[in-house]
Amino acid sequence: QVQLVESGGGLVQPGESLRLSCAASGMIFSIAAMGWYRQAPGKQRELVADIRESTNYADSVKGRFTISRDNTKNTVYLQMNSLKPEDTAVYYCNADIRSLPKLVQLNYWGQGTQVTVSS
């Protein structure tokens with residue numbers, strides 16, 4: 001059984017920073033890609049950033065957010081700087097994981113963590 005567990009959300013003021021973490025656990029053989037999505041009230045879930053051999057960012061967060069990955073810990077991070085009220089959303093971790101024993105690659109989601117940017 002593979003699980004993704006996020007942490008690090010919270011309430012901050014505009015211009016402040018937050019760091020999200022997402023740890024994958026279970027019978028993991030390999031992780032092809034990890035990323036972060038977000039969903040604001042009344043809006044569709046959207047890609048924020050992902051990381052494979054390279055990184056990819058939504059235009060709205062380029063220059064403010066940085067995604068990184070620690071393969072030894074099966075963990076992905078999202079450093080969010082210069083936060084804006086429009087960044088308010090539930091942030092979800094996502095990963096393509098090949099698990100044991102059958103080595104089937106599936107896509108997994110975390111439970112989500114709330115990020116609120118407000119003065």
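In this predicted model, Ile31 sits opposite Ile97, a residue of β9. That pairing belongs to a longer run: β4 and β9 lie antiparallel to each other and share 10 bridges. Ile97 has plenty of other company too. Leaving aside residues up to four places away in sequence, Ile97 touches Val2, Leu4, Ala24, Ile28, Ser30, Ile31, Val104, Gln105, Leu106 and Tyr108.

Ile97 also turns up in the largest nonpolar core, which has 31 residues; Trp36, Leu78, Met80, Tyr91 and Ile97 are the ones that touch the most other members. Quite a few strands chip in, with at least two residues each from β3 (18-25), β4 (28-39), β5 (46-51), β7 (65-70), β8 (75-80), β9 (89-99) and β11 (113-117). The top contributor is β9, which gives five residues. As a general point, nonpolar side chains in soluble globular proteins tend to be buried together.

Not everything nonpolar is tucked away, though. Met27, Phe29, Leu100 and Leu103 make a nonpolar patch of about 370 Å² on the surface. One of them, Leu100, is found in the loop between β9 and β10 (104-109). Leu100 counts as partly exposed because its relative accessible area is 36%, which falls between the 20% and 50% limits.

Back at β4, there is a second partner to look at. β4 also runs antiparallel to β5, joined to it by five bridges. Here Tyr37 has Leu47 of β5 as its bridge partner. The hairpin formed by β4 and β5 has six residues between the strands, and Gly42 adopts a positive phi near 75° there.

Then come the charged side chains. The structure contains four salt bridges. In one, Glu46 meets Arg38 with N and O 2.8 Å apart. The two ends are not equally covered: Glu46 is partly exposed, at 35% relative accessibility, whereas Arg38 is buried because its value, 5%, is under the 20% limit. Another salt bridge joins Asp59 to Lys62, with their closest N and O atoms 3.1 Å apart, and both of these residues are exposed.

The salt bridge between Asp87 and Arg64 has an N to O distance of 2.7 Å. This pair ties together distant parts of the chain, 23 residues apart: Asp87 is in the loop between β8 and β9, while Arg64 is in the loop between β6 (55-57) and β7. Asp87 and Arg64 are both buried. Finally, salt bridges link Arg38, Glu46, Arg64 and Asp87 into a network.

How values were computed. Residues numbered from 1 in each chain as written. Predicted model: local features only at pLDDT ≥ 70, side-chain atom pairs only at ≥ 80, totals over all residues. Heavy atoms only, no water. Core = buried A, V, L, I, M, F, W, Y, C linked by side-chain atoms within 4.5 Å. Buried < 20%, exposed > 50% of the residue type's maximum accessible area, 1.4 Å probe, protein only. Helix = DSSP H or I, 4+ residues; strand = E, 2+ residues; numbered from the N terminus. Contact = heavy atoms within 4.5 Å. Pairing = 2+ DSSP bridges. Patch = residues over 30% accessible without salt bridge, like charges linked within 9 Å, V, L, I, M, F, W, Y side chains within 5 Å. Areas by Shrake-Rupley, 256 points an atom, 1.4 Å probe, with all protein chains shown as cover.
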